[in-house]
Amino acid sequence: MSERPDGPLPDGVVRRQFPGDDEPRLATRGEPVYGEPVEDGWRRWDATRSKLGATFEKGLDTGLEDGDAVLYLGAANGTTVSHVADFAGPTYAVEFAPRPTRDLVGVAEDRPNLFPLLKDARKPANYAHVVESDLDAVVQDVATRGQARVALENRRFLADDGRLVAAIKARSEDVTKDPRAVFDRVLNELREGYEILDTARLEPFHEDHLALVATPKRE
Ligand SMILES: C[S@@+](CC[C@H](N)C(=O)[O-])C[C@H]1O[C@@H](n2cnc3c(N)ncnc32)[C@H](O)[C@@H]1O
């Protein structure tokens, strides 16, 4: 289904055949979270419910590795960040809506490396005292206006060679504009602080979303 060769997956993320599927699917090892099929301890990672899953399916080289220290922005009720915490090291999960954060806290009970934070990703000063610096990756999926600004504000947590792996939702920026124009504007704004390494549209998994991988721009 991907348009280019499979990109590298972090150790701890595999492609595995599950009963009833026509082809192998992504999977991580951990406690189930959202009713996903589990076989021999491997949880199927549903790319239609996860922008990061779709980013792997589209073959992007995210630079993510097992054991990475990760800041995840827009964790919601933990669907994707649970898979991240299955392969990563310390995983700080920021979500500003109380209701999904309650579920997220439950997901973290089985994962000692997952730290839920009921915080606004636009105000990183409010969690800077909790999140370590020199992180390997910021993973972002905040469906909000100003997605480039969120990424720029959180660049402070990244190591010089760290990665931003973000999914940009066009409709959150401007429902009236052509998504391509929205993505161009977001990428241009991101270039204030990041070098863009790769991008891909996330169809057919997610309509009008752009996945991007970037690294902090050298001053
Ligand atoms: C598309 S959902 C995330 C889905 C999740 N990443 C997953 O794949 O499991 C976007 C989330 O971003 C959260 N969000 C939006 N703006 C935010 C902000 N400024 N700070 C923190 N969370 C935010 C929303 O409450 C929502 O839960």
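**Close-ups of a seven-stranded sheet and its helices**

**View 1. Helix H6 on the sheet.** Helix H6 (residues 179-190) lies across strands E9, E10 and E11, and runs at about 160° to E10. Keep in mind that this is a predicted model. How far apart are the end C-alpha atoms of H6? They sit 16 Å apart, and that agrees with the 16 Å that twelve residues should span at 1.5 Å a residue.

**View 2. The two sides of H6.** Look for Val182, Phe183, Val186 and Leu190: these are the buried residues of H6. They cover an arc of only 95° around the axis, so they end up on the same side of the helix. Turn to the other side of H6 and you meet Arg180, Ala181, Asp184 and Asn188, which are exposed. And what do the buried residues of H6 pack against? Their partners are helix H4 (147-153), E9, helix H5 (170-173), E10 and E11.

**View 3. The open sheet, strand by strand.** Seven strands make up this open sheet, in the order E7-E6-E5-E8-E9-E11-E10, with mixed pairing. E7 (114-118) and E10 stand at the edges with a single partner strand each, so one side of each has no neighbour in the sheet. On average, neighbouring strands are turned by 15° against each other, direction ignored. Helix H3 (residues 98-109) also packs on the sheet, where it touches E6 (91-95) and E7; the direction of H3 makes about 165° with that of E7.

**View 4. Strand E11 between its partners.** E11 runs antiparallel to E9, and six bridges join the two. One pair to pick out here is Leu164, standing opposite Ala214 in E11. Strand E10 (residues 194-201) is joined to E11 by seven bridges, again antiparallel. Here, Tyr194 stands opposite Pro216 in E11. Why is E11 largely enclosed by the rest of the structure? Six of the eight residues of E11 (residues 209-216) are buried, so that is how the strand comes out.

**View 5. Inside the largest nonpolar core.** This core holds 61 residues, and those with the most contacts inside it are Val70, Leu71, Tyr72, Ala93 and Val138. Which strand gives the most to this core? That would be E9 (residues 158-169), with six residues. Zoom in on Tyr72 and, leaving aside residues up to four places away in sequence, you'll find that Tyr72 touches Val81, Val84, Thr91, Tyr92, Ala93, Val94 and Val139.

Key. Residues are numbered from 1 along each chain as its sequence is written. This is a predicted model: local features need pLDDT of at least 70, side-chain atom pairs count only at pLDDT 80 or more; totals for chains, interfaces and linings use all residues. A nonpolar core is a set of buried Ala, Val, Leu, Ile, Met, Phe, Trp, Tyr and Cys residues joined through C-beta atoms within 7 Å. A residue is buried if 20 or more other C-beta atoms lie within 10 Å of its own, exposed if 12 or fewer, and partly exposed in between; C-beta atoms are placed from the backbone. Helices (H or I, at least four residues) and strands (E, at least two) are DSSP runs, numbered from the N terminus. Two residues are in contact if their C-beta atoms, placed from the backbone, lie within 7 Å. Two strands pair if DSSP finds at least two bridges between them. Axes are lines fitted to C-alpha atoms, for helices over the stretch in contact, and angles run from 0 to 180 degrees between N-to-C directions. The expected span of a helix is 1.5 Å times one less than its number of residues. The arc is that of the directions from the helix axis to the C-beta atoms.
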